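Work through the exercises below with the structure open beside you, and try each task before you read its solution.

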Amino acid sequence: MSRPTPFDLVFGGLEDRFATLTEAAAAAGRDPREWTDFAALPEVQRLLAEMETPGLVERNPDAADEYLAALYVGYRFHVAGGRPVVLTRERLAPWLDRLPPATAPAIPGGACYLQLPEGWIWAQADPGQPHEPLDGLFLVAAPRGDAVTVLAVLGLREARGGFTQVSLRARFTDFAAARAVGRHPPFAPLMEGGAMAGFRSVATAGELLSLAHLALVAAAD
């Protein structure tokens with residue numbers, strides 16, 4: 001039985017709204033694949049108003065960007081076909097001890113969800129926050145091909161009805177920079193007992209980019 005994706009649990013009922021969004025963008029002469037055009041659409045603003053937890057944005061202004069990032073990657077993933085790229089531990093593990101390629105990563109369809117081995121790779125949304133299992137990564141390329149939106153999904157479970165997320169927008173040069181500053185050994189576990197359990201951890205934004213790059217290579221291998 002396949003695992004549910006964050007799209008299934010959070011965005012699965014929005015297909016009709018996404019279709020309306022696409023039509024509205026075409027009528028307004030905007031490209032919804034472009035971050036700024038997407039954010040400016042009235043339908044996007046309506047959806048964000050429905051998604052946002054009351055009072056959260058007022059208490060934490062950064063939350064507005066995170067809601068927008070989640071809606072953007074969910075929309076782009078849906079438009080690209082909505083099929084996750086499933087990576088087994090056996091397929092991914094050999095790559096995690098290597099350097100990512102020097103070439104820019106290729107994102108299939110321009111938007112994908114890399115579903116990682118369940119309960120194996122862990123991360124924290126912020127220092128001091130609990131370590132949570134990394135379910136997967138949304139990767140979305142800008143239409144001009146010069147940048148990527150990465151959204152890491154942590155702590156996804158059906159009973160929760162949501163997830164913790166960490167998002168960043170990176171240029172392809174950032175992937176090369178991340179390649180040069182990785183930990184040794186890469187993705188070493190940070191939790192007590194993590195090494196004995198065979199876990200891996202993502203500690204920094206650069207390590208997140210390296211994981212995304214290596215996972216894409218493993219998926220294409």
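**Exercise 1: Rings and charges**

R169 lies over the face of W35, at 4.2 Å from the ring centre; a charge sits over a ring if NZ of Lys or CZ of Arg is within 6 Å of the ring centre and within 35 degrees of the ring normal. This is a predicted model, in which local features need pLDDT of at least 70 and side-chain atom pairs count only at pLDDT 80 or more, while totals for chains, interfaces and linings use all residues. Residues are numbered from 1 along each chain as its sequence is written, and side-chain values use heavy atoms, with hydrogens and water left out.

Task: find which aromatic cluster W35 belongs to, and classify the pair formed by Y113 and F138.

Solution. Begin with the cluster, in which W35 is joined by F7, F11, F18, F38, Y72, Y75, F77, Y113 and F138. Next, recall that rings of Phe, Tyr and Trp (its six-membered ring) pair if their centres lie within 6.5 Å, and that planes under 30 degrees apart count as stacked, over 60 as edge-to-face and the rest as tilted. The ring centres of Y113 and F138 are 4.5 Å apart and their planes meet at 50 degrees, so this pair is tilted. Finally, place the two residues: Y113 is in strand 2 and F138 in strand 4, 25 residues apart, so that the pair links distant parts of the chain. Both residues are buried, a word that stands for under 20% relative accessible area, with exposed over 50% and partly exposed in between (1.4 Å probe, protein chains only).

**Exercise 2: A glutamate in a helix**

Task: decide whether E207 is buried or exposed, and find which backbone nitrogens its side chain reaches.

Solution. First locate E207, which is in helix 10; helices (H or I, at least four residues) and strands (E, at least two) are DSSP runs, numbered from the N terminus. This helix covers residues 205-220 and reaches 23 Å from its first C-alpha to its last, close to the 22 Å expected at 1.5 Å a residue, where the expected span is 1.5 Å times one less than the number of residues. Then take the accessibility of E207, which is 5%, so the residue counts as buried. Last, follow its side chain, which reaches the backbone nitrogen of A203 at 2.7 Å and the backbone nitrogen of F187 at 3.3 Å.

Note on methods:
A polar contact is a pair of N or O atoms within 3.5 Å; within protein, one must be able to donate a hydrogen and the other to accept it, and residues adjacent in sequence count only if both atoms are side-chain atoms.
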